[in-house]
Amino acid sequence: MSRRVVLIPGDGIGPAVTAAARRVVDAAGVDIEWDLQLAGESAVKELGEPLPKSTLDHIRECGVALKGPLTTPLGRGYRSVNITLRQELDLFANVRPAKSFPGIKSRYEKIDIVVVRENTEGLYSGIEHFVTPQKDVVESIAVFTRRACDRIVRYAFEYAKTNDRKKITLVHKANILKFAGTMLFEAAARYAREYPEIEYEEKIIDATCMQLVIHPNQFDVIVTTNLFGDILSDLTAGLVGGLGVAPAANIGEGNAIFEAVHGTAPDLVGGESANPTALILAAAMMLSYLRWGDAAERIEKAIREVLGRRLVQTPDLGGKATTQEFTHAVIAAL
Ligand code: ATP
């Protein structure tokens, strides 16, 4: 049966990597009807706003979107469209796997870590203002609700169970953020009791960063707050080959958006050298979500096979292949 999926090409290298992912998904033989929608800088140019209502409506109708990276202006300008999408659609869980690939040079082997990041609040609540008339004091407010703490921890335990993972590490800063930390601990204590088969531990964010660099194989599933998850998932991406190979899923109750961890990489635009692996892997996560697990597995296998051949790697991984050449190779391997 055909399934409609929203496709947002995005900005910078977005159109190149989404086109690659679309071709690979189509070649995998699943019946997807792509619904092309705009967001980000390209939407500002065409429709005068970064997140047109029609784009949001189409995602709500389809329930699923594959999205390229979107430009987020630094400082002034419009609010991050990524964050607005996550909050509008209540995509509360951001799942970011980092898995070693054959053929990619990195410091460690056999890394297999999944960061589950709370996706709707914390320091990303969007509450920031000047406190004094002279504008020399700013308050940037982190919001933590019991509901969000509870559901992200529950999601992590359920994810661990359904994906046959053995351990959950709750990463926090409860020595400084005492109230928020306590709320997370209380949620985790409840689910650790409900899922006794999954080992549970708590680690402070600073110690976690050090241990991820020194001894990463001790980690399995990490569940953490929005900001810590943002930072840790770039770190875990770095452990397996960098941003070019790091996919992400934003999951809510009835909607999900799949994307790459990386941004628009403006330095690569026009160069034909973007690595589409992250977005292709995100598309594979999307297929699993849509219960096309077999196609998802075949795509992952093809990516592993092609990455294993160093000649077909893109420049970020030390190779010379273009986005197109890499994509051709993945489709041929499929
Ligand atoms: P943005 O402002 O949209 O976050 P950015 O350049 O600051 O963009 P990223 O796009 O996340 O941040 O990437 C940082 C750097 O990593 C890029 O400049 C690029 O060199 C490299 N990079 C990111 N994604 C890829 C990719 N898919 N293929 C190759 N290199 C990449």
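**Exercise 1. Two domains and their contact**

Task: In this predicted model, find how far apart the centres of domain 1 and domain 2 lie, and describe the contact of the two domains.

Solution:
- Start with the centres: taken over C-alpha atoms, those of domain 1 and domain 2 are separated by 25 Å.
- Next, see which parts of the chain belong where. The domain assignment gives 1-92 + 240-334 to domain 1 and 107-226 to domain 2.
- Now turn to the contact, to which domain 1 brings 10 residues and domain 2 brings 12 residues.
- Between domain 1 and domain 2, about 990 Å² is buried, and carbon and sulfur atoms give 49% of that area.
- Finally, look at the domain 1 side: Arg86, Gln87 and Phe92 lose the most area to domain 2, and together they account for 54% of what that side buries.

**Exercise 2. Helices H1 and H9**

Task: Work out how the axes of H1 and H9 are placed, and which residues of the two helices meet.

Solution:
- Locate the helices first: H1 covers residues 14-27 and H9 covers residues 277-289.
- Their axes come within 8 Å and cross at roughly 45 degrees.
- An angle from 35 to 65 degrees counts as oblique, so H1 and H9 are oblique to each other. The crossing in which H1 passes H9 is right-handed.
- On the H1 side, look for Val17, Thr18, Ala20, Ala21, Val24 and Val25; they meet Leu279, Ile280, Ala283 and Leu287 in H9.
- Sort this contact by class, and you get nine nonpolar residues, one polar residue and no charged ones.

**Exercise 3. Helices H5 and H6**

Task: Describe how H5 and H6 pack, and sort the residues of their contact by class.

Solution:
- H5 (residues 146-162) packs with H6 (residues 178-194) at an angle of about 40 degrees, and the axes are 9 Å apart.
- Here H5 passes H6 in a right-handed crossing.
- From H5, the contact uses Arg146, Cys149, Asp150, Val153, Arg154 and Phe157; the H6 residues include Met183, Leu184, Glu186 and Arg190.
- By class, the contact of H5 with H6 holds nine nonpolar and five charged residues, with no polar ones.

**Exercise 4. Helices H7 and H8**

Task: Decide whether H7 is roughly parallel or oblique to H8.

Solution:
- The axes of H7 (residues 205-214) and H8 (residues 226-239) come within 10 Å and cross at roughly 10 degrees.
- Angles under 35 degrees count as roughly parallel, so H7 is roughly parallel to H8.
- To see the contact, find Ile205, Thr208, Cys209, Leu212 and Val213 in H7, which meet Phe228, Leu232, Leu235, Thr236 and Leu239 in H8.
- These residues divide into eight nonpolar, two polar and no charged.

**Exercise 5. Glutamate 197**

Task: Find where glutamate 197 lies and what glutamate 197 touches.

Solution:
- Glutamate 197 sits in the loop between H6 and strand E9 (199-204).
- Leaving out residues up to four places away in sequence, glutamate 197 touches Lys161 and Lys166.
- Although glutamate 197 and lysine 166 are 31 residues apart along the chain, 7.7 Å separates their C-alpha atoms.

Key: Residues numbered from 1 in each chain as written. Predicted model: local features only at pLDDT ≥ 70, side-chain atom pairs only at ≥ 80, totals over all residues. Heavy atoms only, no water. Axes fitted to C-alpha atoms, helices over the stretch in contact; angles between N-to-C directions. Helix = DSSP H or I, 4+ residues; strand = E, 2+ residues; numbered from the N terminus. Parallel < 35°, antiparallel > 145°, perpendicular 65-115°, else oblique. Left-handed = near helix turned anticlockwise from the far one by under 90°. Contact = heavy atoms within 4.5 Å. Nonpolar A, V, L, I, M, F, W, Y, C, P; charged D, E, K, R; others polar. Domains from an automatic or database assignment. Buried area = accessible area lost by both parts, 1.4 Å probe.
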